[in-house]
Amino acid sequence: MFKYLREDLKTIKKQDPAIKSTPEGFLYPCIYSLLFYRISNKLYNHNFYFLARLISQFSRSLTGIEIHPGAKIGRRLFIDHGMGVVIGETAIVGEDVVIYHGVTLGGTGHHSGKRHPTIGNNVIIGCGAKILGPITVGDNSKIGANSVVVKPIPSNSTAVGIPATVIRTYDPQFKTIEVI
C-alpha cells in the first residue's frame, strides 16, 4: 500500500507544475480517493459489496470523486481538480492516465455485463468530458474538454465535440500527424 502511495505522490508532483514539494501531494483529493478505492476494491473483490460501497461513498463525500469499487484502475492515475469525477463499475482505466474535473466514465442504460468504457494507457481526458458505454479509448489519445464520446477512439488520436469526432491522429511508426 505504501509503495502505491509513494508512486501516487510522485505522479502528482510530476503532473502538476504548481506543486512545489512532495508533501503538498497530501492536499490533493486524488490521493485519498485512490487510497479509499484500493481498500474498497479489495473488499469488493472478496464479495464484501456493502462495506466496499460504504467506503466508496464515504470517499465520494470527502473528495468529490466517485470511483465504484468494481472499477479496474491502473497505476499512476492522476485526477486533477477531481470534483465531480465519476468512474463506473465496469470501467477499466489504464496506466498513466490524467483525468480532469467533471469527467464521467459512465454507462448508457441498465444493461448487464460490460457497461462502462475502457481507457487505454497514457490518455488525457479534458474537464467535463463524458465517455459513455462499453467503448474503448486507445492508448496515447486525448479527449477534449466537454466532449461526449459514444464511439471508440483509436490509439494516438485527439477527439473533440458533441458527439466526439477524431480531429487528428499520430502515427508513431512514421512520426506523422494527420489532421482530419
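Strand 14 (residues 157-160) and strand 15 (residues 165-171) run antiparallel and are joined by four bridges. Here a strand is a DSSP run of E with at least two residues, and a helix is a run of H or I with at least four, both numbered from the N terminus; two strands pair if DSSP finds at least two bridges between them. Ala159 has Val166 in strand 15 as its bridge partner. Four residues lie between the two strands of this hairpin, where Gly161 takes a positive phi near 105°.

This is a predicted model, in which local features need pLDDT of at least 70 and side-chain atom pairs count only at pLDDT 80 or more, while totals for chains, interfaces and linings use all residues. Residues are numbered from 1 along each chain as its sequence is written, and side-chain values use heavy atoms, leaving out hydrogens and water.

Now look for the open sheet: four strands in the order 2-5-8-11, with parallel pairing. Strand 2 (72-73) and strand 11 (136-137) are its edges, each pairing on one side only. Strand 8 (residues 118-119) pairs with strand 11 over two bridges, and Thr118 stands opposite Thr136.

Next comes helix 2 (residues 29-45). Its end C-alpha atoms are 24 Å apart, which agrees with the 24 Å expected for 17 residues at 1.5 Å a residue (the expected span is 1.5 Å times one less than the number of residues). Its buried residues (under 20% relative accessible area, 1.4 Å probe, protein chains only) include Leu34, Phe36 and Tyr37. Just after helix 2, Asn47 takes a positive phi too.

| Residue | Place | Phi |
|---|---|---|
| Gly161 | hairpin of strand 14 and strand 15 | near 105° |
| Asn47 | just after helix 2 | about 65° |

Technical notes:
Buried < 20%, exposed > 50% of the residue type's maximum accessible area, 1.4 Å probe, protein only.
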